[in-house]
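Could you take me through how to read the features of a protein model, from the whole chain to single residues? I would like the general idea each time, and then the case at hand.

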There are 2 protein chains.
Amino acid sequence: MTKIITISRQFGSGGRTIGKEVAKELGIPCYDSELIEKVAEDSGFAHEYIREHGEYAAQTHWLGRALNSGAGLRESNQDIIWNAQRKAVIEVSKKGPCVIVGRCADYILRHKADLLTVFIHASLEKREERIVQVYGESDEMPAKRLRDKDKRRASYYKFYTDIEWGLAKNYDLCLDSGKFGIDKCVEIIKSLYESKE
Amino acid sequence: MTKIITISRQFGSGGRTIGKEVAKELGIPCYDSELIEKVAEDSGFAHEYIREHGEYAAQTHWLGRALNSGAGLRESNQDIIWNAQRKAVIEVSKKGPCVIVGRCADYILRHKADLLTVFIHASLEKREERIVQVYGESDEMPAKRLRDKDKRRASYYKFYTDIEWGLAKNYDLCLDSGKFGIDKCVEIIKSLYESKE
């Protein structure tokens, strides 16, 4: 089976950067925004719409979802996006070894690839520092932005997978990027990936 | 501050073995059963009693605990053990760098030492294999032994620390020992310990 690294991450923990670095060092592709574009293509949804709602659909629109889906006669927009994302994740997994950041790829590929599943987190303070540095200031307090994003990710993940987000036992490896730094996290993931038979 | 590695672990995950190996390779002491003896000395409790109840006191005896403690006039046996363990953990932490397995050392020392906090887990299947191999057969099914032990550890930890056991964000590093093997886990912990400034 194809060796694939999946990275789940708290917002602001640098998980995406770590994924990209690992992929670069291993000489394999990293899917993230590329994947979103792929989904947009397949589903016919506007790129922007998916960027805004793709990951948070279930949580932000559960009422709309319920109303939309009526008596189960048709899929909600959110389910269409989920299915399109699911298909895209499976499609890229067939192309060969890669890194996939987010998108519930660990769950979607659990029986379909030889996975190294990683969860990246960091303290609130470290993540506050990082999001201001990476995404700039915003009207909202950094702590609130972090709390909201994390809650949405956890809720989205739970909704579609029925698995708790961020429980250590659900990942092969969990790392505090604030404690160890990006480079050390990259080194460990790479070493574990390469040691797989 | 003293550099100390704390290891929390699911029952049967090999966490204690990993702790002992790491300590051996780093040339520092590992505290586990030694610590229990220390506690027994300090508290005047029989060695055997602590071995049986030390880690699970809160969960197995909450009613006895309530009755025992009456109107708060005296400490329950469980609180006496907890306090004796707490004192012992702090005492050994002052002796210099070491590995401490279990005993809520991550919580007890969180402001008192320069910690590398580790959580070791493995799949049910891998742990079933391991406990039969290490502890031998028993009348109880391996799966039930694992479930009971884990529940007690989680409950004990939660009772005294008010923190959820096994949440990735509460540890610097979490590893699936069933996936990577004991030796690779030892290597990673050692590497992270040595890379700390």
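The dialogue below takes up the chain, the two copies, the sheet and two residues in turn.

Q: How many helices and strands does chain A have?
A: Before anything else, bear in mind that this is a predicted model. Chain A has 11 helices and five strands, and of its 197 residues 50% count as buried. Its accessible surface comes to about 9,500 Å², of which 49% belongs to carbon and sulfur atoms. Among the contacts in chain A with a separation of 6 or more, 72% are between residues 24 or more positions apart.

Q: By what turn and what shift can chain A be laid on chain B?
A: Two copies of a chain are related by a rotation about an axis and a shift along it. Here a turn of 180° and a shift of 0.0 Å along the axis lay chain A on chain B with an RMSD of 0.0 Å. The two copies are therefore related as by a two-fold rotation axis. Since 100% of the interface residues of chain A are also interface residues in chain B, the copies meet through the same surface.

Q: What is the order of the strands in the open sheet?
A: The sheet has 10 strands with mixed pairing, in the order 2(A)-3(A)-1(A)-4(A)-5(A)-5(B)-4(B)-1(B)-3(B)-2(B). Its edge strands are strand 2 (30–31) of chain A and strand 2 (30–31) of chain B, each of which pairs on one side only. Within chain A, strand 1 (residues 3–9) and strand 3 (residues 98–101) pair in the parallel sense over four bridges, and A:Ile7 has A:Val101 in strand 3 as its bridge partner. Helix 11 (residues 182–195) of chain B packs on the sheet, where it touches strand 1, strand 4 (114–121) and strand 5 (173–176) of chain B, and its direction makes about 165° with that of strand 5 of chain B.

Q: Why does B:Thr6 count as buried or exposed?
A: A residue counts as buried under 20% relative accessible area. B:Thr6, whose place is in strand 1 (residues 3–9) of chain B, has 2% relative accessibility and so counts as buried. Leaving aside residues up to four places away in sequence, B:Thr6 touches B:Ile100, B:Ala105, B:Asp106, B:Leu115, B:Leu116, B:Thr117 and B:Val118.

Q: Where does B:Arg153 lie, and from which backbone oxygen does a polar atom of its side chain lie 2.9 Å?
A: B:Arg153 lies in helix 9 (residues 142–161) of chain B, and at 8% relative accessibility this arginine counts as buried. A polar atom of the side chain of B:Arg153 lies 2.9 Å from the backbone oxygen of B:Arg9. C-alpha to C-alpha, B:Arg153 and B:Gly166 are 10 Å apart in space, and they are 13 residues apart in sequence.

How values were computed. Residues numbered from 1 in each chain as written. Chains lettered and ligands numbered in written order. Predicted model: local features only at pLDDT ≥ 70, side-chain atom pairs only at ≥ 80, totals over all residues. Heavy atoms only, no water. Helix = DSSP H or I, 4+ residues; strand = E, 2+ residues; numbered from the N terminus. Buried < 20%, exposed > 50% of the residue type's maximum accessible area, 1.4 Å probe, protein only. Polar contact = N/O pair within 3.5 Å; in protein donor to acceptor, adjacent residues only side chain to side chain. Least-squares fit on C-alpha atoms with pLDDT ≥ 70 in both. Contact = heavy atoms within 4.5 Å. Areas by Shrake-Rupley, 256 points an atom, 1.4 Å probe, with all protein chains shown as cover. Pairing = 2+ DSSP bridges. Axes fitted to C-alpha atoms, helices over the stretch in contact; angles between N-to-C directions.
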